[in-house]
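Please look over the protein shown below and then read the notes that follow, which go from the chain as a whole to a few of its residues.

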Amino acid sequence: MGIFGKTERKPAPPQATRPGTPPAAKAAPKSASAPSSTSECVIGAKTVVKGDITGDENVLVEGTVEGTIRISRDLRVGPGGHVKATVNAQSIVVAGQITGDCQAVQRVHIEATGRLTGNIRAPRVMIVEGATFKGNSDMSPGRDGGRTPGA
């Protein structure tokens with residue numbers, strides 16, 4: 001028994017390795033190797049994507065996207081992100097720039113640094129002071145029962 005009534009712990013002996021091989025790194029916890037239910041696709045600041053983006057995970061755009069974005073989760077355009085596309089998503093948050101029509105099942109949120117040029121169709125639209133929006137907005141309930149079209 002050690003100090004203050006705690007049991008004394010001895011370090012585990014090192015595992016034997018073959019000569020010339022580095023010692024094994026500590027095993028990662030099982031939760032680290034399991035796929036995350038909140039995965040996110042990041043389009044980096046120096047990346048340009050031209051074409052269609054479709055999928056079932058959150059997308060963060062820090063670079064440039066030209067074409068169409070059709071996802072069943074959330075789209076976030078970072079402060080340096082530029083999107084020239086028609087966008088369909090669960091929700092859309094704009095801190096950068098979107099040029100094109102946006103349709104969201106839940107909401108479109110334009111932050112103070114955000115600029116959106118195009119039409120919005122979403123049940124909730126939030127435009128923070130300092131944001132720029134040029135286009136029309138339609139806040140009527142969706143016809144398809146809350147599903148993202150085509151995703």
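The briefing below takes up the overall make-up, one strand with its partners, one serine and the cysteines.

This is a predicted model, in which local features need pLDDT of at least 70 and side-chain atom pairs count only at pLDDT 80 or more, while totals for chains, interfaces and linings use all residues. Residues are numbered from 1 along each chain as its sequence is written, and side-chain values use heavy atoms, with hydrogens and water left out.

**The chain as a whole**
- The protein chain has one helix and 13 strands, where helices (H or I, at least four residues) and strands (E, at least two) are DSSP runs numbered from the N terminus.
- Reading from the N terminus, the helix comes before the strands.
- Of its 151 residues, 28% count as buried, a term that means under 20% relative accessible area, whereas exposed means over 50% and partly exposed lies in between (1.4 Å probe, protein chains only).
- The protein chain exposes about 10200 Å², and carbon and sulfur atoms supply 53% of that area; accessible areas come from the Shrake-Rupley method with a 1.4 Å probe, and for residues only the protein chains shown count as cover.
- Among contacts (heavy atoms within 4.5 Å) with a separation of 6 or more, residues 24 or more positions apart account for 7% in the protein chain.

**Strand β5 and its partners**
- Strand β5, residues 74-77, has a covered face with Leu75 and Val77 and an uncovered face with Asp74 and Arg76.
- Strand β3, residues 58-61, pairs with β5 in the parallel sense over three bridges, and pairing requires that DSSP finds at least two bridges between two strands.
- In this pairing, Leu60 stands opposite Arg76 of β5.
- Strand β6, residues 82-94, also pairs with β5 in the parallel sense, over four bridges, and here Asp74 stands opposite Ser91.

**Ser91**
- Ser91 lies in strand β6, and this residue counts as buried because its relative accessible area is 4%.
- The side chains of Ser91 and Asp74 are joined by a polar contact of 2.8 Å, that is, a pair of N or O atoms within 3.5 Å, where within protein one must be able to donate a hydrogen and the other to accept it, and residues adjacent in sequence count only if both atoms are side-chain atoms.
- Leaving aside residues up to four places away in sequence, Ser91 touches Arg73, Asp74, Leu75, Ala104, Gln106 and Arg107.

**Cysteines**
- A search of the whole structure finds zero disulfides, a disulfide being a pair of cysteine sulfur atoms within 2.5 Å.
- Cys41 is partly exposed because its relative accessible area is 28%, whereas Cys102 counts as buried because its relative accessibility is 3%.
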